[in-house]
Amino acid sequence: LTQLHNRAAFHDCLQRAIGRSARFSSSVALIMLDLDHFKRVNDTLGHDVGDQLLVEVGARLKALLRQSDTGARLGGDEFVLILEDTTLSTNDVYDVAERVVKMVAEPYLIDEMRLEVEASCGIALCHNGEVDLKTLVKRADIALYSAKSAGRNTFRLYHKHMSDSTEHNAQLERQIREMVRNEDLEVLYQPQISLAEGLKGFEARLHWSASHATELMS
């Protein structure tokens with residue numbers, strides 16, 4: 001849809017980037033971002049408009065990339081950028097993340113409609129190949145969750161002091177998204193009955209409809 005790499009190609013590119021980082025004593029920055037409240041676009045304007053918006057976002061991200069960088073769409077409204085450079089500094093990465101946030105937030109004109117969306121970004125760094133792929137992606141995801149918790153339309157760099165609760169919540173949010181995509185969640189209604197008045201109403205409960213159905217939240 002966006003002419004960016006898919007998830008599988010992204011993993012291959014990131015693995016090679018980490019390998020080059022180890023061989024050449026260079027750095028890799030992973031910027032993970034998703035669009036804030038993108039679901040509202042699909043729900044109110046339809047998936048066709050949502051797809052066109054994703055195409056426009058992808059084009060803007062590609063315009064930011066240098067020849068040595070890589071852009072990918074993981075699915076839905078989730079994008080990632082891989083930045084490689086032997087002299088990459090934290091300030092350089094901050095500058096790119098700030099440009100991403102500002103560029104995504106600029107208005108879009110789709111089907112003669114003016115749309116505005118914002119993005120949150122999480123950043124994770126790898127120096128000299130010291131971080132493996134799984135850990136780097138996990139750290140960027142944690143930083144992204146921190147950016148969303150900070151009010152969205154911003155970015156955060158992963159730090160070791162980010163709490164265990166942040167890591168847990170980021171993992172839980174990603175699991176819930178996966179459940180929604182797989183349609184594993186269902187709403188069940190439990191009647192509320194008064195011995196004196198009879199049926200008074202219903203309580204809606206969200207259940208995980210897997211092989212071992214477990215109540216997730218209520």
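Me: Where is threonine 70 found?
Reply: Threonine 70 is found in strand β2, and the model in which it sits is a predicted one.

Me: Buried or exposed?
Reply: Threonine 70 has a relative accessible area of 13%, and because buried means under 20%, it counts as buried.

Me: And which residues does threonine 70 touch?
Reply: Leaving aside residues up to four places away in sequence, threonine 70 touches His5, Cys13 and Leu65, and also Val80, Leu81 and Ile82.

Me: Cys13 is on that list, so let me turn to cysteines. How many disulfides does the count come to?
Reply: The count comes to 0 disulfides. Cysteine 13 is in none, and the nearest cysteine sulfur to its own, that of cysteine 126, is 15 Å away.

Me: Why is there no bond for cysteine 121?
Reply: The closest cysteine sulfur to that of cysteine 121 belongs to cysteine 13 and lies 19 Å away, which is too far for a bond.

Me: Are these two cysteines buried or exposed?
Reply: Cysteine 13 is buried, with a relative accessible area of 10%, and cysteine 121 also counts as buried, at 0% relative accessibility.

Me: Back to β2, then. What is the strand order in its sheet?
Reply: The sheet is open, has 5 strands with mixed pairing, and follows the order β2-β3-β1-β6-β7. Its edge strands are β2, residues 70-75, and β7, residues 155-157, each of which pairs on one side only. From one strand to the next, the twist averages 20°.

Me: How many bridges do β2 and β3 pair over?
Reply: Strands β2 and β3 pair over 5 bridges in the antiparallel sense, and within that pairing glycine 71 stands opposite leucine 81 in β3. In the hairpin that these two strands form, there are 2 residues between the strands, and glycine 76 takes a positive phi near 60°.

Me: How many residues of β3 are buried?
Reply: In β3, 7 of its 8 residues are buried, so the strand is mostly covered.

Me: What about β3 and β1, how do they pair?
Reply: Strands β1 and β3 also run in the antiparallel sense, with 8 bridges between them, and the bridge partner of leucine 33 is phenylalanine 79 in β3.

Me: And how many bridges join β1 to β6?
Reply: Strand β1, covering residues 27-36, is joined by 10 bridges to strand β6, covering residues 118-127, and the two run antiparallel. Isoleucine 31 stands opposite isoleucine 123 in β6.

Me: Which strands does helix α4 lie across?
Reply: Helix α4, made of residues 90-105, lies across β1, β3, β6 and β7, and it runs at about 160° to β6. Helix α5, residues 133-149, packs on the sheet as well, touching β1, β6 and β7, and its direction makes about 145° with that of β6.

Me: New topic: at what angle do α2 and α3 cross?
Reply: The axes of helix α2, residues 38-45, and helix α3, residues 47-64, cross at roughly 140° and come within 7 Å. The two helices are therefore oblique to each other.

Me: Which residues meet there?
Reply: From α2, Phe38, Val41, Asn42 and Leu45 meet His47, Val49, Gly50, Leu53 and Leu54 of α3. The residues of this contact divide into 6 nonpolar and 3 polar, with no charged residue.

Terms used
Residues are numbered from 1 along each chain as its sequence is written. This is a predicted model: local features need pLDDT of at least 70, side-chain atom pairs count only at pLDDT 80 or more; totals for chains, interfaces and linings use all residues. Side-chain values use heavy atoms; hydrogens and water are left out. Two strands pair if DSSP finds at least two bridges between them. Helices (H or I, at least four residues) and strands (E, at least two) are DSSP runs, numbered from the N terminus. Axes are lines fitted to C-alpha atoms, for helices over the stretch in contact, and angles run from 0 to 180 degrees between N-to-C directions. Contact means heavy atoms within 4.5 Å. Angles under 35 degrees count as roughly parallel, over 145 as roughly antiparallel, 65 to 115 as roughly perpendicular and the rest as oblique. Ala, Val, Leu, Ile, Met, Phe, Trp, Tyr, Cys and Pro count as nonpolar, Asp, Glu, Lys and Arg as charged, and the others, Gly among them, as polar. A disulfide is a pair of cysteine sulfur atoms within 2.5 Å. Buried means under 20% relative accessible area, exposed over 50%, partly exposed in between (1.4 Å probe, protein chains only).
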